[in-house]
Amino acid sequence: MWTLVTGGAKRLGAALCLALAEKGHSVVVHYNRSEKEALEVVEACQAQGSQAAAIQGDFSSVDSTKEFAQRYLEQFPETATLINNVG
């Protein structure tokens with residue numbers, strides 16, 4: 001089961017991802033423009049022995065948010081938790 005952390009690439013979102021990974025959760029790190037940082041968080045989570053992946057998504061419009069949700073659910077259908085951290 002996956003946990004999606006929106007805005008997971010930096011600051012509080014990154015800290016949440018790392019804390020979840022430390023507890024053994026599988027984490028999906030959402031980012032909009034911070035791909036490099038998101039991939040660094042993924043690597044740090046994986047170094048703790050947890051599954052982790054990154055996914056890009058733009059939440060600035062209804063259409064782009066719907067597109068993200070569809071793409072996300074295709075890739076990670078077994079998601080149990082959403083942490084809506086995006087600022």
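Is arginine 11 buried or exposed? At 69% relative accessibility, arginine 11 counts as exposed. Please keep in mind, as you browse the views below, that this is a predicted model.

**View 1. Arginine 11 in helix 1.** Let us stay with the residue from the opening question. Arginine 11 belongs to helix 1, and its relative accessibility of 69% is over the 50% cut-off for exposed. Look at the backbone here too: phi of arginine 11 is near 45°, a positive value in a residue other than glycine.

**View 2. Lysine 10 and serine 34, two loop residues in contact.** Lysine 10 sits in the loop between strand 1 (2-5) and helix 1, while serine 34 sits in the loop between strand 2 and helix 2. Setting aside neighbours within four places in sequence, lysine 10 is in contact with Ser34 and Glu37. With the same neighbours rule, serine 34 is in contact with Ala9 and Lys10. Lysine 10 is partly exposed, with a relative accessible area of 36%, whereas serine 34 is buried, at 14%. For a sense of scale, lysine 10 and valine 28 are 18 residues apart in sequence, and their C-alpha atoms are 13 Å apart in space.

**View 3. The largest nonpolar core.** This core has 14 residues, and those that touch the most other members are Val5, Cys17, Val27, Val29, Ala38, Val41 and Cys45. Helix 1 (11-22), strand 2 (26-31) and helix 2 (35-47) each supply at least two residues of the core. Another core, of eight residues, lies apart from it, and Trp2, Val28, Ala53 and Phe76 are among its members.

**View 4. Cysteine 17 and its contacts.** Here is a closer look at one member of the core. Which residues does cysteine 17 touch, not counting residues up to four places away in sequence? They are Val5, Gly8, Val27, Val29, Val41 and Cys45. Among these partners, Val5, Val27, Val29, Val41 and Cys45 are also listed with Cys17 as the core residues that touch the most other members.

**View 5. Helix 1 packed with helix 2.** The two helices pack at an angle of about 20°, with their axes 9 Å apart. Angles under 35 degrees count as roughly parallel, so helix 1 and helix 2 are roughly parallel to each other. Their crossing is right-handed. Helix 1 makes the contact through Ala14, Cys17, Leu18 and Ala21, and helix 2 through Val41, Ala44 and Cys45.

**View 6. An aromatic cluster.** Which residues do ring pairs link into a cluster? Trp2, Phe59, Phe68, Tyr72 and Phe76 are the ones to find here. The count of aromatic pairs comes to four. Trp2 and Phe76 also appear among the members of the eight-residue core.

**View 7. Serine 64 in helix 3.** Helix 3 covers residues 62-75, and serine 64 has its place there. Serine 64 has a relative accessible area of 17% and is therefore buried, the cut-off being under 20%. Leaving aside neighbours within four places in sequence, serine 64 is in contact with Asp58 and Phe59. Phe59 will be familiar from the aromatic cluster of the previous view. To place this site relative to cysteine 45, note that serine 64 and cysteine 45 are 19 residues apart in sequence and 27 Å apart in space, C-alpha to C-alpha.

Notes
Residues are numbered from 1 along each chain as its sequence is written. This is a predicted model: local features need pLDDT of at least 70, side-chain atom pairs count only at pLDDT 80 or more; totals for chains, interfaces and linings use all residues. Side-chain values use heavy atoms; hydrogens and water are left out. A nonpolar core is a set of buried Ala, Val, Leu, Ile, Met, Phe, Trp, Tyr and Cys residues joined through side-chain atoms within 4.5 Å. Buried means under 20% relative accessible area, exposed over 50%, partly exposed in between (1.4 Å probe, protein chains only). Helices (H or I, at least four residues) and strands (E, at least two) are DSSP runs, numbered from the N terminus. Contact means heavy atoms within 4.5 Å. Rings of Phe, Tyr and Trp (its six-membered ring) pair if their centres lie within 6.5 Å; planes under 30 degrees apart count as stacked, over 60 as edge-to-face and the rest as tilted. Axes are lines fitted to C-alpha atoms, for helices over the stretch in contact, and angles run from 0 to 180 degrees between N-to-C directions. Angles under 35 degrees count as roughly parallel, over 145 as roughly antiparallel, 65 to 115 as roughly perpendicular and the rest as oblique. A crossing is left-handed if the near helix is turned anticlockwise from the far one by less than a right angle, and right-handed if clockwise.
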